[in-house]
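Got the viewer open? Let's take a walk through this model, one selection at a time.

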Amino acid sequence: MRPGTTARVESFAGGRRARMRIMQLGINPGDVIKVLSIGPFGGAIYIENVSNGTRVAIGRGIASKIIVKPL
Amino acid sequence: MKSYGPVKIALVGQPNCGKSTLFNALVGLKAQTSNLPGTTVQYTRSRMNYRGRIFDIIDLPGTYSLSSQDMAEHETLKYLLTEEVDLIINVMDATLLSRSLELTLQLMELGKPMIIALNMMDEAKSKGIYIDVKKLQEILGIPVIPTVAVHGKGLKELFEKILEVLKTEKAPEFYRCSRIVEERIKKLAHEIEKAVGPNFKIPPRLIAIKLLESDDYFVDLMKGYPGILSLAENMRNELEDLMGAPSPDVIHAERHNLSMRIAEKVTKVQHRLKKSLDDKIDSVVMHPVLGYGILGVVFFLFFYLIFKIGSPLEEFFTGPFDRLLDVVHTQVSGELLRFVLEGLVQGIAGGIGIVLPYFIPLVFLLSFLEDLGYLPRVAFLLDGLMHKIGLHGKSIIPLILGYGCSVPAIAATRILDNERDRIISALLVPLVPCAARITVIFALVAYFLGPWWALFFFVFNIFVVALLGRIINGFFKTPSYGLLMEIPSYKIPSLKITFDKTWLQVKNFIYLAWPLLIAGSVVLGVIQYLNIDNLINTVFSPLVHTVLGLPREVGTTLIFGILRKELTLVMLSQALGSEIGKLDRVLTREQIVVFTMFVTFYIPCISTIGIIWREYGKKIMFYSILVGLTVATLTGVLFRILV
């Protein structure tokens, strides 16, 4: 996904820990997220959950486990 | 209402919702606050008196949910379950109502009287979010008090409500889940109640829910009841089959959906002025290219401002003390008295003339950056680079805090999610120059060799820290877990709070460190009089003189420097028999560089050693000292050859 694009969160792959953490931070299946910026050197991705206003930086590894459907 | 003893009130809320700010507003400045999630890693307690009642107010670490995933959350959970709390104040961030409610719903299960402090109401308003407080109160059945902790708004109402709630001691009712889930919770809770008996302190319903979430803490709590655990496991499997998702996710979804429905009912969102401003700032600050430019400018300005403010003050204050020292040196006849007086003057001069001019602007600027909300953004920008040294972006936060003081920076490593990240960060933090060592760098390197040299020092330091991170990382086999961090919205720091925070630290310096500086200085005077310093210097001469090429007299100052790093500077002039402003007459440029480099890296100060021991044990503490000495010697020799 490129900066400025939006998508709907479908589900999370990966372990229970990471999954719970993402959900507790306020990103849940069904939410619409927007990519605000992508960190250089393989760095984190800065996203906003448009549904509730939460903003989160997510490392590439964890981000790759969030399954989304581009809008 | 309890008729004797203090009333125990716990502040609980999600990270960065303003708990510590509210705590400080309630009890006067005691806790560290900042605009980054997870500043409070251990709880702070303060006793206060309101209308003749004694309250013990406890500021607990922020937690997204009532679970035991990281150290801060574990601390909060354990406190709430094992200490007899009389009342919970649930601090909520009004701008993130729906997510905050997920914690609220869990707190309601604790069966304790509860009040909600709906904080950051001003923020919410400027984001165009309007919350119907009365309706929220009705739905939850818990009193809700709107507050703006930064400006002290709503505190009186909060206190009045506390007194009122304590009178009735009414605990909130718990929420209900959808039928399939609710049936199982009820049944499991019933079995738990039968097993543990009616006098068990933790509500069975809470245990039931947490077992269905497979929370480690509660599984451990129930390990004496294998029947309960296997029943819970069966139910988890049933739920997974029926709902098509793992049981913990199902329970989470119940709370999440309920929270969303409640938030929708009580919130009206209109124009979004503030948000678009945040967006505009972030489009530059968080930009993959421009962001680095800004970061460079901030880094440069940070040190440049400290130097620009500090160096004229240093000059201004040291002048009179140098003259006073001249007078003592020529006029006082008794030798012992002269040594003692010289030590005394050097110690006092060191505090006023050298430390405070740099210390105050440094603490002020760091606290400003923290409150602004910039540090989490640095974590985002540097995430990619931090991976190259085996860490992720979040680890940058303890390292940045290290520019202030290593002790809270080591404590802040607790915000990291796993052990390896914490240990690597804890080993790196003492290598970042703290306020004391920055003072030494400014007062020696910048003052005598020029500000660009000092800037080079800071850049070189980052290079060394990165290199070392890479090396230490080689010893660990597991890779880093990755960054997952909330980015708070920008807040214009309240000048009053920034001044208060600065003052708190300056006060600590004046009361705790300065007397030590003066005493150390006087002791050195006596040691010199008794000629013991010769002995110490001879012992350390192989390292100090032969390897590093420094005057032998420096040996004693390095020993004292382990107490407080500022002592190296104050005692340096005393040991060499020179005034601080004229050190360049007794030390060459090369020696100034080597000395400062060595002081920056060598053994952590005694307080830092102490906290590493407490947090990580003797082994890591030993490694930390070893790493420091090795790096200090290597860089010292390197610069001896290069300069």
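The tour goes from chain A, across to its contacts with chain B, and then into chain B itself.

This is a predicted model, where local features need pLDDT of at least 70, side-chain atom pairs count only at pLDDT 80 or more, and totals for chains, interfaces and linings use all residues. Residues are numbered from 1 along each chain as its sequence is written, while chains are lettered from A and ligands numbered from 1 in the order in which they are written.

**Stop 1: chain A**

Select chain A and switch on the cartoon view. You'll find two helices and five strands; these are DSSP runs, numbered from the N terminus, with helices (H or I) of at least four residues and strands (E) of at least two. Follow the chain from the N terminus and the order is β-α-β-β-β-α-β. The C-alpha trace spans about 30 × 25 × 20 Å along its principal axes.

How does the radius of gyration of chain A fit with a compact globule? A compact globule of 71 residues would come in near 11 Å, and chain A has 11 Å, so the two agree. (The radius is taken over C-alpha atoms, and the globule rule is 2.2 Å times the number of residues to the power 0.38.)

Of the 71 residues in chain A, 49% count as buried. Buried means that 20 or more other C-beta atoms lie within 10 Å of a residue's own; exposed means 12 or fewer, partly exposed is in between, and the C-beta atoms are placed from the backbone.

**Stop 2: helix H1 of chain A**

Now pick residues 16-24 of chain A, which form helix H1. Seven of the nine residues in H1(A) are buried, among them Ala18(A), Met20(A) and Ile22(A). The buried residues of H1(A) pack against E1, H2 and E5 of chain A, together with H11 and E9 of chain B. Just after the helix, click on Gly26(A), which takes a positive phi of about 105°.

**Stop 3: where the chains touch**

Show both chains. Here 30 residues of chain A are in contact with 29 residues of chain B, contact meaning that the C-beta atoms of two residues, placed from the backbone, lie within 7 Å. Which element gives the largest share of the chain A side? That's H1(A), with seven residues. The residues on this side of chain A divide into 14 nonpolar, 12 polar and four charged. (Nonpolar covers Ala, Val, Leu, Ile, Met, Phe, Trp, Tyr, Cys and Pro, charged covers Asp, Glu, Lys and Arg, and the others, Gly among them, are polar.)

Next, select E4(A) along with residues 484-486 of chain B, strand E9: they pair in the antiparallel sense over three bridges. Strands pair if DSSP finds at least two bridges between them. Ile58(A) stands opposite Leu484(B).

**Stop 4: strand E4 of chain B**

Jump to residues 87-93 of chain B. This is strand E4, and seven of its seven residues are buried. In a regular strand the side chains alternate between the two faces of the sheet. On E4(B) both faces are covered, with Leu87(B) and Val91(B) among the residues on one side and Ile88(B) and Met92(B) among those on the other.

Add residues 7-13 of chain B, strand E1, which pairs with E4(B) in the parallel sense over five bridges; Leu11(B) stands opposite Ile89(B). Then add residues 114-119 of chain B, strand E5, also parallel to E4(B), over six bridges. Val91(B) has Ala117(B) as its bridge partner there. From E4(B) the chain crosses through helix H3(B) to E5(B), and this β-α-β crossover is right-handed: with the strands pointing away from you, the path from the first strand over the helix to the second runs clockwise.
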